[in-house]
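Biologist: Before I accept any labels, I would like to see the model. Then I will ask what each label rests on.

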Amino acid sequence: MSRKFFVGGNWKCNGTTEEVKKIVSTLNEAEVPSHDVVEVVVSPPFVFLTLVKSLLRSDFHVAAQNCWVRKGGAFTGEVSAEMLVNLGIPWVIIGHSERRALLNESNEFVGDKVAYALSQGLKVIACIGETLEQRESGSTMSVVAAQTKAIADKITNWDNVVLAYEPVWAIGTGKVATPAQAQEVHCELRKWLSENVGADVAASTRIIYGGSVNGANCQELAGQPDVDGFLVGGASLKPEFVDIIKSAT
Ligand SMILES: CCCS(=O)(=O)CCC(=O)O
């Protein structure tokens with residue numbers, strides 16, 4: 001089964017109105033493979049979501065960088081899944097390592113959030129990944145399997161889930177996993193899905209890589225059989241994001 005390549009751009013907490021308009025203009029003018037070949041989603045800060053959605057080309061889509069998902073209303077400062085649906089924002093990133101580490105979002109809480117976001121009609125980029133300490137102790141696969149299990153325990157339909165493997169030690173550090181390291185984890189994750197969820201889900205679920213992807217390393221990473229795309233940080237704010245989109249194989 002072929003899996004459509006997926007390239008997400010996580011702008012994190014960056015940009016002014018003018019800078020956002022400039023990035024969108026660059027994306028709107030870019031010549032990229034058709035949407036049948038690559039699915040492109042950009043994720044601006046909440047405050048720019050509707051502006052980007054209103055200006056972005058129709059074959060690219062917008063994602064929120066998180067959403068609050070618990071019945072009984074959202075905490076001050078949060079944006080609920082329902083609000084994103086109301087605004088016509090189709091995608092949301094959930095479980096990013098920065099939220100897991102800094103806001104203590106547990107595996108179970110992330111699983112609940114993924115399930116609730118899907119139940120509201122959102123499509124989810126679900127992030128998993130190990131820390132440097134966990135990798136150096138040899139527990140990478142047990143960590144990412146536990147994170148994936150916490151999601152699998154709460155959902156039955158994976159059609160609108162993209163799994164994003166983010167080695168925490170590669171985020172914002174300039175350190176990138178080697179293609180072999182990324183392929184090894186992606187392959188093991190697909191095997192875990194096959195053994196614990198089902199062969200069809202394993203074959204169809206996009207597993208994308210995130211962690212210091214740029215225009216120079218994207219081709220080799222994209223050439224790995226179980227790397228189905230990227231979630232790109234800093235480079236997604238630069239024109240080289242177009243080169244990363246073009247790395248779709
Ligand atoms: C899977 C999340 C990756 S991300 O969105 O944090 C980008 C990280 C980077 O490119 O440094």
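Biologist: What makes the pair between the ligand and Gly233 a polar contact?
Modeller: In this predicted model, an oxygen atom of the ligand is 3.0 Å from a polar backbone atom of Gly233. The cut-off for N or O atoms is 3.5 Å, so the pair counts as a polar contact. A backbone atom of Ser212, also polar, lies 3.1 Å from a ligand oxygen. With Asn10 the polar atom belongs to the side chain, 2.9 Å from an oxygen atom of the ligand. Both distances are within 3.5 Å, so these pairs count too.

Biologist: How much of the ligand does the protein bury?
Modeller: The ligand taken alone exposes 340 Å², and the protein buries 97% of that.

Biologist: Why do you say that the ligand sits in the largest pocket?
Modeller: The ligand is assigned to the largest pocket because more than half of its atoms lie within 2 Å of that pocket's grid points.

Biologist: How do the residues around the ligand divide?
Modeller: The shell has five nonpolar, seven polar and two charged residues. Of the 14 residues around the ligand, those that come nearest are Asn10, His96, Gly172, Ser212 and Gly233. Gly counts as polar by definition, so Gly172 and Gly233 belong to the polar group.

Biologist: And the aromatic pairs?
Modeller: The whole structure has four. One of them joins Trp68 and Phe109, with 5.9 Å centre to centre and 55 degrees between the planes.

Biologist: Why is the pair of Trp68 and Phe109 called tilted?
Modeller: Stacked planes are under 30 degrees apart and edge-to-face planes over 60, so 55 degrees counts as tilted. The centres, at 5.9 Å, are within the 6.5 Å cut-off, so the rings pair. Trp68 is in the loop between β3 and α3, and Phe109 is in helix α5, 41 residues apart.

Methods. Residues are numbered from 1 along each chain as its sequence is written. This is a predicted model: local features need pLDDT of at least 70, side-chain atom pairs count only at pLDDT 80 or more; totals for chains, interfaces and linings use all residues. Side-chain values use heavy atoms; hydrogens and water are left out. A residue is near a molecule or strand if one of its heavy atoms lies within 4 Å of it. A polar contact is a pair of N or O atoms within 3.5 Å; within protein, one must be able to donate a hydrogen and the other to accept it, and residues adjacent in sequence count only if both atoms are side-chain atoms. Accessible areas come from the Shrake-Rupley method with a 1.4 Å probe; for residues, only the protein chains shown count as cover. On a 1 Å grid over the protein atoms alone, a cavity is a set of points where a 1.4 Å probe fits but cannot get out, and a pocket is an open set with protein on both sides within 12 Å along at least five of seven lines; lining residues have an atom within 4 Å of a point. Rings of Phe, Tyr and Trp (its six-membered ring) pair if their centres lie within 6.5 Å; planes under 30 degrees apart count as stacked, over 60 as edge-to-face and the rest as tilted. Helices (H or I, at least four residues) and strands (E, at least two) are DSSP runs, numbered from the N terminus.
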